[in-house]
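Dear colleague,

Please find the structure below, handed over for your review. My findings follow after it.

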Amino acid sequence: MLRRPLSGPGQEALADLLATLAAHFRAAGAEPLDVPHLFAGDTLLDLYGEDLRARAFLFPDAERGNELCLRPDFTVPVALAHGAAGWDRQETYCYSGPVFRRQPQGQGRPTEYLQAGIESFGDDDTAAADARIYALLRRGLETAGVSVTETQMGDLSIPFALLDALDMPDRRRAALRRHFWRPNRFQALLDRACSPPEPSPTRAALLAGEAEFGDALGLRTVADIQARIEQLAEETAAPPMPTADARLIDAVLQIDCAPTDAPRRLRDLSSEAGLAAVTDRFEARLDALAAEGVAPGEIRFSTSFGRNLEYYDGFVFEIRAAGTGEHPPLAGGGRYDALTAKLGAASQIPAIGGIIRPEPVLEVTR
């Protein structure tokens, strides 16, 4: 459904909250930025990942012969704007406005809703920047009247470092990274890597070069089919993943604890998993959060937590009002250094951001 129109006191309360959040971000040194509602759809297809891509609104762009996308979030448009002005600058931006996502039928979620947020680029002290952005959003919620919150926190650099450290074919590593956000699919890939199934008769015929096909099958050309055959052959020839490696991956992803307990549990696995460097960065972030006045007791850490935006590659978090269960998160964000290189930076630069959702905030503070 579309976002419900507001009038009278509801509209005034929303306008007041947006003004309060804008003043809060500007007081922290953020530069206000306005970005377009539409941007090139090919950017979306490359960066957002399968889940959000399926929920995007795409429109044909007859003038340029491609597709346009209604922004599903602000991070990519803000990063593009920063890059257009020069990647090699340290800058923090704030913004607010609507975003657009298709929603599952029957769940009553709006396809258009508001976000107010902040994005920071170029701060080499990543631990301090992580803590600063998180604390800004948390204080923004307090300013809006949310007195008690609980946070789910993750760090994607931990599972990604583990996958990088283990000896496996590059294609297998890329598939596991790509499906980290889909636990069932991720586990199925692990099981398949450890115990590869025998190829079906059809697949065996393809691999043996005995299958016949014409110039195209549906939308697939012969070149597409041949590339897929080569991929299947490579997967079939790859050695099985050692069971010990799969168990180690599972042990790391099972860590779910207070953040202050996580370094010890990670160091217990460091000699096997090559996690020393990411654990050091994790501890530096904890120190920076403490310096920002963040109490660790309000945070739950899980290595399997990753939000649903595939451009994140480090610290991630969601903040909810305490005791609201499945209520939409009031705020969330994370680090996305690698995204900057994909958008055109000569090399990846430090980047982190997050948003507050004004409408759910009003619901829990009325």
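How many aromatic pairs does the structure hold? This is a predicted model, and it holds twelve aromatic pairs.

One of them is formed by F121 and Y336, which meet edge-to-face at 6.2 Å centre to centre, with 80° between the planes. F121 lies in strand 6 (residues 112–121), while Y336 lies in the loop between strand 13 (331–335) and helix 14 (337–342), so this pair ties together parts that are 215 residues apart in sequence. F121 is buried, with a relative accessible area of 0%, and Y336 likewise counts as buried at 0%.

Another edge-to-face pair is that of Y134 and F317, at 5.2 Å centre to centre and 90° between the planes. Here Y134 in helix 5 (residues 126–143) is linked to F317 in strand 12 (residues 315–321), 183 residues apart. Both Y134 and F317 are buried. In addition, Y93, F121, Y311, Y312 and Y336 form one aromatic cluster.

Turning to the helices, helix 6 (residues 157–165) packs against helix 7 (residues 170–178) at an angle of about 170°, and their axes are 10 Å apart. Helix 6 is therefore roughly antiparallel to helix 7. The crossing of these two helices is right-handed. In this contact, F160, L163 and D164 of helix 6 meet R173, L176 and R177 of helix 7. The residues of the contact comprise three nonpolar, no polar and three charged.

Finally, T279 is placed in helix 13 (residues 276–291) and is buried, with a relative accessible area of 0%. Apart from neighbours within four places in sequence, T279 is in contact with P263, L266, R267 and S270.

With kind regards

Note on methods:
Residues are numbered from 1 along each chain as its sequence is written. This is a predicted model: local features need pLDDT of at least 70, side-chain atom pairs count only at pLDDT 80 or more; totals for chains, interfaces and linings use all residues. Side-chain values use heavy atoms; hydrogens and water are left out. Axes are lines fitted to C-alpha atoms, for helices over the stretch in contact, and angles run from 0 to 180 degrees between N-to-C directions. Helices (H or I, at least four residues) and strands (E, at least two) are DSSP runs, numbered from the N terminus. Angles under 35 degrees count as roughly parallel, over 145 as roughly antiparallel, 65 to 115 as roughly perpendicular and the rest as oblique. A crossing is left-handed if the near helix is turned anticlockwise from the far one by less than a right angle, and right-handed if clockwise. Contact means heavy atoms within 4.5 Å. Ala, Val, Leu, Ile, Met, Phe, Trp, Tyr, Cys and Pro count as nonpolar, Asp, Glu, Lys and Arg as charged, and the others, Gly among them, as polar. Buried means under 20% relative accessible area, exposed over 50%, partly exposed in between (1.4 Å probe, protein chains only). Rings of Phe, Tyr and Trp (its six-membered ring) pair if their centres lie within 6.5 Å; planes under 30 degrees apart count as stacked, over 60 as edge-to-face and the rest as tilted.
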